[in-house]
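Got the viewer open? Let's take a walk through the structure, one selection at a time.

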Amino acid sequence: MEKGLNITTEFTSGLQILFNNIKKHKVVLPETENPWTLGMLLFWIKDNILVDKDKCDLFMKGNTVRPGIIVAVNDQDWELLGDLKYCIKNNDNITFISTLHGG
Amino acid sequence: MNNDEEISLLSAEIALLNVELNKKYALLKKKQKQCLTKLDINRYSRQIILPEIGVEGQKKLKTASVLIIGVGGLGCPSSMYLASAGVGTIGLVDYDEVELSNLHRQLLHAQCNVGMRKVESGKLSLNRMNEDVNIVVHDVQLDGHNSLDIFKQYDVIIDASDNLVTRYIINDTCVKAGKPLVSGSAIHCDGQLTVYNYKGSVCFRCLHPKPQSPETVGNCASVGVLGPVPGVIGVLQAMETIKIIVDHPNVLHNSLLLYDGVDCEFKKIKLTNVKRNGCICTKNPEDITITMDYEEFCGSKANDKFKTLNLLKENERITVLDLNELISKKNPFLMIDVRKKVEYDMCHLPFSINIQLSDLKSKDTRSKLIEKINSFSNMTPNLITICRRGNDSQRAVDELKKYTEITDNVKWIKDVIGGLHEWSMQVDENFPIY
Ligand SMILES: [Zn+2]
């Protein structure tokens, strides 16, 4: 096993379209001096797995996710965990959900 | 007393007795509503024997009233199950007519009712399933001015709408009126379900204080939706509504349920149970105003209908009649249909080629396009873009104009106003509309 953090990122409810239509990505976050936070992860995702960098607006706004995206860590809303400041742990499953409005 | 006097006296007596009779009927109905008739017991026996429902639960259903906003993909299944379960009063809100393209998922509406008001078609079908249920129709477009008076008449509100603006209106009205909100949504192969404003839980605005930008919101008309997906979510909305009515302890609040139809996966996300600071739901109901301009707030309209863009100048566009003339005059042109491949496969003009809008950015695709342009030996062709309704075709013209290797080799580049939809309306009525 590589050093660093092994996590799964999941993009659902249509968000996977920005990630080559792949929902689950098992990724290894490289070792860093400071612990990995969700805030850092967003930029890492943008640089490393987001396919079309022109479409970054559909994923992020400023330093966080765009309005309409809910983030969950191990099936819990990140707001329960300190959102951007949450420190990622090994084997975390981090899900990005695009809120739907159709009917 | 002569005969005439006797007649008028009898008539007056009968009128009085009729008033009395009607009063008794009303009282009987009211009393009957509070208890279960022999037919009720027979009809609902399979659910009454459940400990979750029981006789008390069935009585609660009978006296309950539920408002369903949107008689579409979600509102059809939820209303069917609630009417069949014996919910006493069901209100239907919709301002739209039944369209042919609704029928694959909106199962309340029969083919013969295409063109009918959705609320009327819905009422007909629901009463055919259960004539005891009182169906109230509200044939209106919901806004911050009319919503409160409607919501006040009901116990539980179901959001089965199809756009962000209406979702904010519904949320705010529920918070002001103190009504639980069973919210569902579905598109493509994905669905979501949650209950807001129930027993102190968060509201829609707690999760979405800022509206997402319109480009990030998909709708069923452009993204598509598979019928069973809103079916699943609508049925679950009916389930949660029944649980709320019978006061079941495990209503899905402070959680968001996700349904992924492709992988057949359900996922339940635990949401925060703390109301957002300063959110509308932390205020006194009297202090809540719901008359804001919701469309301006969201930057979009309170429907999921097509919005026409005007990106190009007038002289960069042609009408379908111009196009028809170019064809009859055998004017040399190359037409690019910029829709998705699956849409092109559904129907296209025989002389058009298909290059998706997003592919125009690719150098490879453009080299192939230039080859096509050059195949018009010793003539410089015109380049025409077309799409379904005339928005993407404008974006395509803007994109194509960026490349001199294209602009240098054609006379002009224009798009077709209104696209294939307009072609079908004005030129060829046999061309499919979707
Ligand atoms: Zn709130």
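The tour below starts at a metal site and ends at a helix.

Before you click, this is a predicted model, where local features need pLDDT of at least 70, side-chain atom pairs count only at pLDDT 80 or more, and totals for chains, interfaces and linings use all residues. Residues are numbered from 1 along each chain as its sequence is written, chains are lettered from A and ligands numbered from 1 in the order in which they are written, and side-chain values use heavy atoms, with hydrogens and water left out.

**Stop 1: the zinc ion.** Select the zinc ion and show its protein donors: the SG atoms of B:C203, B:C206, B:C279 and B:C281, 2.2 to 2.3 Å away. (Donors are N, O and S atoms within 2.8 Å of the metal, or 3.2 Å for Na, K and Ca; water is not among the atoms, so sites may look incomplete.) The 4 donor atoms make angles of 97 to 123°, a tetrahedral site; four donors earn that label if all angles lie between 85 and 135 degrees. Along the sequence, the donor residues follow the spacing C-x2-C-x72-C-x1-C. B:C203 sits in the β6–α8 loop of chain B and B:C279 in the β8–α11 loop, so this pair ties together parts 76 residues apart in sequence. (Helices are DSSP runs of H or I with at least four residues, strands runs of E with at least two, numbered from the N terminus.)

**Stop 2: the annotated cysteines.** Which residues does the UniProt "binding site" annotation cover? In the unreviewed entry, they are B:C203, B:C206 and B:C281. They spread over 79 residues of sequence, yet their largest C-alpha distance is 8.0 Å. Such annotations may be inferred rather than shown by experiment.

**Stop 3: around B:C203 and B:C281.** B:C203 has 0% relative accessibility and counts as buried (under 20% relative accessible area with a 1.4 Å probe, protein chains only; exposed is over 50%, partly exposed in between). Beyond four places in sequence, its contacts (heavy atoms within 4.5 Å) include B:N171, B:Y196 and B:I280. B:C281 is buried too, at 9%, and B:V175 and B:K275 are among its contacts outside that same sequence window.

**Stop 4: helix α5.** Now select residues 118–129 of chain B: 12 residues reaching 17 Å from first C-alpha to last, close to the 16 Å expected at 1.5 Å times one less than the number of residues. Colour B:K118, B:V119, B:S121, B:G122, B:S125 and B:L126, which are buried. Looking down the axis, the buried residues fall within an arc of 160°, so they line one face of the helix; the arc is taken from the directions from the helix axis to the C-beta atoms. Finally, show α4 (75–84), β2 (89–93) and β3 (134–138) of chain B, which are among what covers those buried residues.

How values were computed: Tetrahedral: all angles 85-135°; square planar, octahedral: opposite > 155°, others 65-115°.
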